[in-house]
Amino acid sequence: MELTAIELTKQYGTKTAVDHLNITLSNGVYGLLGANGAGKTTLMRLLCDIQTPTSGKITLDGKRISEMGEKYRNLLGYLPQHFGYYPDFTPWDFLLYVAALKGLSEKQAKIKAAELLEAVGLTKESRQKIKTFSGGMKQRLGIAQAMLNNPHILILDEPTAGLDPKERVRFRNLISAFSKDRIVILSTHIVSDVEFMAEEIIMMKSGVILHFGKPQEITAEIDGQVWECTVLSSHAEQYTETLNISNLRNTENNCTTLRVIADYPPMENAIQVQPTLEDLYLFYFKGANE
Amino acid sequence: MKNLIKFELRKIITTRLALISIAAVLLLSVILSVSTLQNMYAFDGVSNEGRGKTAVEIDKSIAAKYEGVLTDKKIQQIMSDFKLTHDLHGMNAQYFYQNATQSAAFARFSDMNGNWNGDSISDVFGNEEIQVGYVNGWLNTSHNMAKILFALSLIIILMIAPVFSGEYGGVDNIILTSRYGKTKCATAKVIASLISALLITLLVFGFNLLFALMIYGTEGLNCSILFAPQEFVEGYIPFNITCATVLKHQLLLAFTSAVSVTGITLILSAFCKSQLIAFAVSAAIHIMPIMLPIPETSSLYRLIVLMPFYHSQYISILSVEQMKSGMLYAIWAIPVAVILMVIGTVVSRRLFAKHQVS
Ligand SMILES: Nc1ncnc2c1ncn2[C@@H]1O[C@H](COP(=O)(O)OP(=O)(O)OP(=O)(O)O)[C@@H](O)[C@H]1O
Ligand SMILES: [Mg+2]
């Protein structure tokens, strides 16, 4: 299966959220990385056919998704970044409702709902009203509803937001087990999430794709540009202003180790280190939020 | 599909607001019926006098004496049976009320002082055969029902306004990306809205009917509305039809009102981004005809009375001249309701399917 975006553009007034974007996705897990406002949510909504592109098109195996209608949506599972729910519904009711929308029979729906509640760890709370749920519990319910129809294309907008570390691990395992022969796209700010789960990374900035490739491949881009240097903790502050620092860690003797991204060694005692995805992310998005 | 309709029905009917409103309109029905009954008064001209249920009994037994087709002789009889014995101090005797039968006769056949005004039955009613009986109870019931049905139409708007707009708060994301979200789901919403509107109309109408049946019995249902107390003479339906006919038309109009209101509200629900706005705009559109200063004599009036607001305010639409076939003009409310519902279905489904989430 091949999901393709061709010259995809979405404008809100004068603001271009997705800008002549071209990409082809086949089976695999894709991690969509980008700063706030990069256009991740917009891209995902376009892929879900719940927003109409200003220009360009999206096709699945050559057919326009907007024309496929029910056939396309039957293949789709979507977790919105923010989603609504019916406060007086229980997760059980909610899943049965979404299952009905997805065309599952009542019997299938019950089996699948029970299975997914178990998978996201909500079995015990399944008869409690959703309005009593914490943010992370709602998020897990959202993940469960997206997977009800065993979608071939699973689009998750910041699925790990609000999940505690234990749930995050559970989620990773769930996705890894699920993703075989499917297209899974997940957006996140948490680089370590995609590092573990995604086979391919899509880096997005201002509506365009900066980078698309396997994690090892794309970190190769900044090979030789990541350095670690140790400075006195009292001086660390002033370096954060002048250098592009991806991480800093206090060490003994009142010293701080800085992880710096730079073309040349930033100071004499700098040691060259292996770049990680996190470094790359910072390399691209330095100043993105300023 | 059945499953989806069940879910949509549940979302419409079991909200706290909907349940409270339905309870409120039933309570309003009881209050109106009881207070109407409490305010009833009858004096049989001799010794019996009473209010409330007693008044109903007195009125019924008086009506029974003149039962059957109204004749000039009966008019004379009533006029003399209830001849005024005291000075009215300048009040018009037509407005003087001892009991329902007396008021009905005096309203049309008395002069200022309570003497016969010289009109015969054919002068007043033409060749119509007027069945006399105790119609006061049912006519009051249908009067109250107009108020209740108006409240009901607002409740229907309240219940249906969130059907689409309520999803725009975030569930739209999930619905519109699901297989049937843009198709069967929208249809299920429309069907569930219609079912809810019809069901609560049936409930409220049935409740009022049963309540009235308990108080007034079936007497008078087959009698003409033309021989009724003063308050049902001026500005009331001018045709020789029975109480039952009025109620039947009112029932029909209650349903056409419910259906029409559903159609209009669905469109606004799919159009407006917030349920509050959808409610306010739908309610404003519904009430708007009151503000249109169109006199009954204008030819536009016949169109205005077809608007859903006038379905529940039955007197206006039932007062438009009868059609050649002898049918009441009010049956035009049926095609109006059907058209509004069809437009509502098509447009709201389209708007919802094209909705851009944000
Ligand atoms: N409905 C809208 N109307 C106007 N502008 C919008 C709308 N939705 C998004 N935008 C703009 O489009 C750009 C991309 O937004 P988008 O939500 O896709 O970003 P994102 O990458 O998902 O960000 P975040 O990480 O914060 O979720 C932003 O500048 C945003 O202001
Ligand atoms: Mg986003």
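## Around ligand 1

An oxygen atom of ligand 1 sits 2.9 Å from a polar backbone atom of A:G39. Keep in mind that this is a predicted model. A:G37 makes a similar kind of approach, with a backbone N or O atom 2.8 Å from an oxygen atom of the ligand. For A:N36, a polar side-chain atom does the job, lying 3.0 Å from an oxygen atom of ligand 1. On its own, ligand 1 would expose 630 Å², and the protein buries 69% of that.

## Who makes up the shell

There are 15 residues around ligand 1, and A:G37, A:G39, A:K40, A:T41 and A:T42 come nearest. Sorted by type, the shell has four nonpolar, eight polar and three charged residues.

Two elements of chain A, β2 (15-25) and α1 (40-47), each give two or more residues to this shell. The largest share, three residues, comes from α1(A). Chain A isn't alone here, though: residues from chains A and B surround ligand 1, so the site is shared between chains.

## A helix in chain B

Now for helix α3 of chain B, residues 52-65. How far apart should its ends be? At 1.5 Å a residue, its 14 residues should span 20 Å, and the end C-alpha atoms are 21 Å apart, which agrees.

Which residues of α3(B) are buried? They are B:G52, B:A55, B:V56, B:I58, B:D59, B:K60, B:I62 and B:A63. Their cover includes several parts of chain B, among them α2 (16-39), β1 (41-43), β2 (49-51) and α10 (184-216). Helices α5 (100-109) and α7 (136-160) of chain B also help cover these buried residues.

Technical notes:
Residues are numbered from 1 along each chain as its sequence is written. Chains are lettered from A and ligands numbered from 1 in the order in which they are written. This is a predicted model: local features need pLDDT of at least 70, side-chain atom pairs count only at pLDDT 80 or more; totals for chains, interfaces and linings use all residues. Side-chain values use heavy atoms; hydrogens and water are left out. Helices (H or I, at least four residues) and strands (E, at least two) are DSSP runs, numbered from the N terminus. The expected span of a helix is 1.5 Å times one less than its number of residues. Buried means under 20% relative accessible area, exposed over 50%, partly exposed in between (1.4 Å probe, protein chains only). Contact means heavy atoms within 4.5 Å. A residue is near a molecule or strand if one of its heavy atoms lies within 4 Å of it. A polar contact is a pair of N or O atoms within 3.5 Å; within protein, one must be able to donate a hydrogen and the other to accept it, and residues adjacent in sequence count only if both atoms are side-chain atoms. Accessible areas come from the Shrake-Rupley method with a 1.4 Å probe; for residues, only the protein chains shown count as cover. Ala, Val, Leu, Ile, Met, Phe, Trp, Tyr, Cys and Pro count as nonpolar, Asp, Glu, Lys and Arg as charged, and the others, Gly among them, as polar.
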